Amino acid sequence: MKIISILTSLLLVLSFQSVHAQSKTFEGTESVYQNQTFYEVKDFPQKFKAKKPKNVILMIGDGMGVAQVFAGATANRGQLYLNNFKHLGYSRTQSANRYVTDSGAGGTAIAVGHKANNSSVGVDSNGNPVPSIITVAQKNNLATGIVVTTSLLDATPADFVAHVPSRKMMPEIAKAFVASDLEVFIGGGIEHFQNREDGRDLLAELTEKGYQVCDTITEVTKIKSGKLAGFLREGRISQRGDQLERTTAVALDILDDHKNGFFLMVEASEIDGGGHDNDMQYTVEEMLDFDQTIGKVLEFAAKDGETLVVITADHETGGLTLVNGNMETGEVTGRFTTGGHTGIMVPVFAYGPGAEMFTGIGENTSFFQKFIKVLRLNP
Ligand code: MG
Ligand code: ZN
């Protein structure tokens, strides 16, 4: 009897260990960042003149998990514009066919309200095209815009205007932008609008459609109204400077002229790049650039009183955690556990009329219906 019970407990211990298999070799990359440039953060009012929003500004930090946000907070000595947000939640990012999503499926779920397979753009899990919130907003006479720091043809922005089985189909996605009827779009990717294999000159087509086509930040920032196709540099902040903040202001200037309201999507595309590179400087600089753009957007929304601001991510990148930091000096040490994306929930922040709808834990597909409901759109 005794032997049997010893054997049984041994078996239990063995099976327990197999279920809870773990390795104690710490792999991954440790990376330190010491911030040098700090900024003051303003407090914005929490009372709004309207109960329901007329405008929505959706801001996506590609690859922005909670660790990325808090790395930014630590680097800026505890202060972020994000600290103004009182309505918080989490978004679950799993795609139709993978636990860990890519930006194609992650952005598609946010844009069209359906889970999609990884790599796909603006289609459901069967590959059928589904209208995005941008299309629905346009049908309801709202003005629309997209501003990004990477190529406009990259997965996240593409998810809002194109319907293709693969995010690699950039020449196809460029055509979708020409057909999109956006009032304003600003980002990289001009190479797919000219010298095309199909012989079409998409820049000429945009001009014909009434767009002001610009390819420098100086030109873009001169535009105050009308339709704008702005083609700018993509890549890291060291190459593009405060471009996101300035181009977002241009988009708001243009969209604000439209009395029926607007839907604007702004993407801080490169937080993802910092995660893929396991690089804290890259990650934090992009995070703080995003936060300062959020500051500009909050300034607009607080003054306007009828604008809802919703901030989230399509997924986390890098499996980042923070193993050391100093709130006085702005130094922060991160440890990355992967060069790819991860499956953890990502944060949601909402400010303005209707913000209370964006709390709790939801699937990434729930944004679409919430935008329709809060803006009272006819789907
Ligand atoms: Mg992206
Ligand atoms: Zn990525």
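**Exercises: a magnesium site and a helix pair**

Both Asp 62 and Thr 156 are buried (under 20% relative accessible area with a 1.4 Å probe, protein chains only; exposed is over 50%, partly exposed in between). This is a predicted model, where local features need pLDDT of at least 70, side-chain atom pairs count only at pLDDT 80 or more, and totals for chains, interfaces and linings use all residues. Residues are numbered from 1 along each chain as its sequence is written, chains are lettered from A and ligands numbered from 1 in the order written, and side-chain values use heavy atoms, leaving out hydrogens and water.

**Exercise 1.** Find which residues coordinate the magnesium ion (ligand 1).

*Solution.* Step 1: look for donors, meaning N, O and S atoms within 2.8 Å of the metal (3.2 Å for Na, K and Ca); water is not among the atoms, so sites may look incomplete. Step 2: at 2.0 to 2.2 Å you will find Asp 62 (OD), Thr 156 (OG1) and Glu 267 (OE). Step 3: place two of them. Asp 62 sits in the loop between strand S2 (55-61) and helix H2 (66-75), and Thr 156 in helix H5 (residues 155-161), so this pair ties together parts 94 residues apart in sequence. Helices (H or I, at least four residues) and strands (E, at least two) are DSSP runs, numbered from the N terminus.

**Exercise 2.** Work out whether helix H10 (residues 243-255) is largely enclosed or not.

*Solution.* Step 1: list its buried residues, among them Leu 244, Val 250 and Leu 255. Step 2: count them. Of the 13 residues of H10, 10 are buried, so the rest of the structure largely encloses this helix.
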